[in-house]
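I opened my notebook for a stroll through this model. Here is what I looked up, in the order I looked.

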Amino acid sequence: MADGVQILTSAQIRATESAAMGSGGTTGAQLMERAGAAVAGQIRLRWPQPRRVLVLCGPGNNGGDGIVIARRLHEAGWPVEVLALPEGPAPDAALMRRRCPVPVRPLGEAAWPAAPAPLIVDALFGTGLARGLGPDLAALLARAGETAAEVVAVDGPSGLCLDSGRVLGSVPVLPATLTVTFDSLRPGHLLDAGAALCGRVLVADIGISSFRPQPAQLVRIEDASLLAPRLSKAGGGHKYAHGHLVVIASGAGQGGAARLAARAGLRVGAGLVTLGPSRDAMAEHAAPPDALMRRALDSAEDLATLLSDDRIAALCLGPGCGVSRAGALLRVALEWRRPLVLDADALTALSQRPELRSLVHPGCVLTPHGGEFARLWPDIAARLAAPAERGPAFSRLDAARAAAVDLGCSVLLKGPDTVIAAPDGAAAIHAAQDLGWLATAGAGDVLAGLISGLMARGLEPFKAASAGVLLHAAAARRAGPGLIADDLPEALPAVLAGLGA
Ligand SMILES: NC(=O)C1=CN([C@@H]2O[C@H](COP(=O)(O)OP(=O)(O)OC[C@H]3O[C@@H](n4cnc5c(N)ncnc54)[C@H](OP(=O)(O)O)[C@@H]3O)[C@@H](O)[C@H]2O)[C@@H](O)CC1
Ligand SMILES: Nc1ncnc2c1ncn2[C@@H]1O[C@H](COP(=O)(O)OP(=O)(O)O)[C@@H](O)[C@H]1O
Ligand SMILES: [K+]
């Protein structure tokens with residue numbers, strides 16, 4: 001399992017809540033009171049001066065939380081209006097409605113306030129969202145969206161599937177300024193459209209964390225400081241003790257992407273890195289860094305000979321390699337059965353050579369972006385591209401997990417929301433929607449170099465992929481706006497020093 005903060009799906013948070021209540025230590029109404037109090041508290045922290053607030057409540061427990069929020073804000077002297085859908089079969093929510101000192105009026109066109117409230121609390125649907133919003137509700141929310149009110153979403157914006165980060169149905173949802181969720185994040189807060197729609201996400205502790213399922217199957221990776229002990233070279237050791245990485249490079253005239261990967265491998269601490277271009281491309285790959293070693297590799301036989309050296313610890317195949325060259329070397333790389341990163345052209349080559357799929361093994365990390373993923377797994381990609389009608393919708397997380405199980409290796413699906421899945425079901429999400437500058441040629445090559453460098457240093461594939469993504473993002477933050485891929489390896493020394501590695 002990667003180091004990180006546990007993420008629970010809707011089904012898992014429901015089970016956690018049931019276990020907490022089943023223990024006899026708490027009741028559903030108490031949990032609802034804590035949840036509502038936490039949201040009201042966050043609202044008052046963010047907007048210290050009372051202001052008119054419109055609380056929109058749904059039929060279930062999300063709506064029950066909304067009623068608690070309304071009561072709490074009313075008690076604090078805020079002018080509160082509550083509009084609610086008809087009650088569903090949720091006894092705790094019904095209890096809260098009976099206790100509510102503010103009139104609860106039916107939500108609909110007739111009751112909609114003429115003058116818009118500056119703050120809207122969206123407590124319509126949370127983890128119980130089963131389908132897209134109906135047209136009447138969607139129209140009301142669209143109107144609310146036009147008023148430039150600030151929106152606080154309870155658990156998540158209503159209409160957003162909290163398991164996938166996808167909007168259900170073809171209806172717009174009300175984007176939130178602030179989302180307050182309970183106990184832990186859901187995948188949908190980080191994935192796909194969810195990250196933008198949720199705004200700032202805060203997690204309120206409601207006292208049920210000891211009832212979460214263990215071990216964690218899904219985490220958010222965000223804290224690079226956890227990596228420091230594994231990245232440190234304190235304690236000595238010869239360069240070979242830190243691993244020898246081989247990065248396959250291109251034939252003549254095909255560019256320097258592999259050099260970016262190799263440079264990243266060196267910077268992340270692999271003891272030695274050998275770049276392997278074809279013989280006729282040796283001269284063009286002679287550029288710095290001089291710390292790189294070079295070895296001409298023209299054929300699968302040349303690669304097999306090189307890999308017979310036991311000291312070689314990891315191989316990176318794909319960046320700037322050319323699809324036909326990657327295809328020619330792929331079988332030997334896979335039959336080596338040692339730590340291997342397949343990226344870029346190697347992924348395209350694998351999609352064209354189905355007979356090699358059975359050779360993929362647990363020591364491999366595949367790092368596709370969306371296009372490469374769709375070439376390798378067209379059926380899974382089609383499920384992801386299909387409209388999301390019902391919750392839980394098929395997600396990028398589901399897609400990466402299905403791919404990891406299919407090939408029996410770790411799969412890293414790249415994007416602003418990167419998902420890493422291991423074949424045993426472990427998974428991690430890294431949200432970097434603030435790092436648009438990473439959408440630059442060669443950023444992925446650097447990532448492949450980081451991961452393979454970490455694998456050369458002995459990190460197991462899933463952990464190396466998780467750590468590589470973290471370091472990649474940290475380097476991008478360090479390099480800042482205007483970054484190009486070449487800057488990322490150069491930013492690593494400062495990142496590593498900052499981590500105390
Ligand atoms: N877990 C925890 O630890 C805690 C959870 N808490 C809170 O509970 C929330 C989950 O509550 P929940 O399970 O009652 O579901 P919720 O989101 O209120 O919706 C279900 C209702 O909506 C209906 N419905 C669904 N989709 C619809 C649609 N498109 N259009 C119309 N109707 C639709 C659905 O009806 P049905 O699908 O059966 O027709 C059902 O009546 C969670 O998000 C959190 O806020 C906290 O109080 C305490 C701790
Ligand atoms: N908009 C974005 N926000 C954050 N990260 C991004 C964004 N676009 C791309 N990335 C990241 O940058 C890298 C790009 O990799 P890739 O698509 O393979 O590019 P290339 O092939 O040009 O190297 C990946 O790590 C991806 O997660
Ligand atoms: K909500």
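Which residues are closest to ligand 1, and how many surround it? I found 32 residues around ligand 1, and the closest are G60, N61, G88, G126 and G128. A residue is near a molecule here if its C-beta atom, placed from the backbone, lies within 6 Å of it.

A note on ground rules before I went on. This is a predicted model, where local features need pLDDT of at least 70, side-chain atom pairs count only at pLDDT 80 or more, and totals for chains, interfaces and linings use all residues. Residues are numbered from 1 along each chain as its sequence is written, while chains are lettered from A and ligands numbered from 1 in the order in which they are written.

**Ligand 1, continued**

I checked which helices reach the shell around ligand 1. At least two residues each come from α1 (10-22), α2 (28-46) and α3 (61-75). The largest share, five residues, is supplied by α3. Helices (H or I, at least four residues) and strands (E, at least two) are DSSP runs, numbered from the N terminus.

By class, I counted 14 nonpolar, 12 polar and six charged residues in this shell. Ala, Val, Leu, Ile, Met, Phe, Trp, Tyr, Cys and Pro count as nonpolar, Asp, Glu, Lys and Arg as charged, and the others, Gly among them, as polar.

**The whole chain**

I stepped back to the full protein chain, which has 17 helices and 18 strands. Its radius of gyration is 26 Å, close to the 23 Å that the globule rule gives for 501 residues, so the chain is as compact as a globular protein of that length. The radius is taken over C-alpha atoms, and the rule is 2.2 Å times the number of residues to the power 0.38. Along its principal axes the C-alpha trace spans about 80 × 45 × 45 Å.

Of the 501 residues, 53% are buried. A residue is buried if 20 or more other C-beta atoms lie within 10 Å of its own, exposed if 12 or fewer, and partly exposed in between, with C-beta atoms placed from the backbone.

**Domains**

I then looked up how the chain is divided, and found domain 1 (5-218) and domain 2 (224-384 + 431-499). These bounds come from an automatic or database domain assignment. The C-alpha centres of domain 1 and domain 2 lie 43 Å apart.

The unreviewed UniProt entry lists residues 13-214 as "domain: YjeF N-terminal". UniProt positions are in the numbering used here, feature names are shortened, and annotations may be inferred rather than shown by experiment. Over residues 13-214 I read 34% helix and 16% strand, with the end C-alpha atoms 12 Å apart.

**Backbone oddities**

Where are the cis peptide bonds? One joins Q214 and P215, with omega about -5°; P215 sits in the loop between β8 (200-204) and β9 (218-220). Another joins G391 and P392, with omega about -10°; P392 is in the loop between α13 (378-385) and α14 (396-407).

I also noted D183, which is not a glycine but has a positive phi of about 70°. D183 is in the loop between β7 (178-182) and α6 (194-198). D192, also not a glycine, has a positive phi of about 55° and lies in the loop between β7 and α6. D183 is buried, with 24 other C-beta atoms within 10 Å, and D192 is buried with 24 as well.

**Ligand 2**

What surrounds ligand 2? There are 18 residues, the closest being K414, P416, L438, A439 and G444. Helix α15 (residues 443-456) gives the largest share of that shell, four residues. I tallied nine nonpolar, seven polar and two charged residues there.

For "binding site", the unreviewed UniProt entry lists K414, G415, P416, D417, T418 and G444. They are spread over 31 residues of sequence, yet cluster in space, with a largest C-alpha distance of 13.9 Å.

Is K414 buried or exposed? K414 counts as buried because 22 C-beta neighbours lie inside 10 Å. K414 is in the loop between β16 (410-413) and β17 (417-421). Leaving aside neighbours within four places in sequence, K414 is in contact (C-beta atoms, placed from the backbone, within 7 Å) with T367, P368, H369 and G444.

My last lookup was G444, found in helix α15. G444 counts as buried, with 24 C-beta neighbours inside 10 Å. Leaving aside neighbours within four places in sequence, G444 is in contact with D343, A344, T367, H369 and K414.

Methods:
Contact = placed C-beta atoms within 7 Å.
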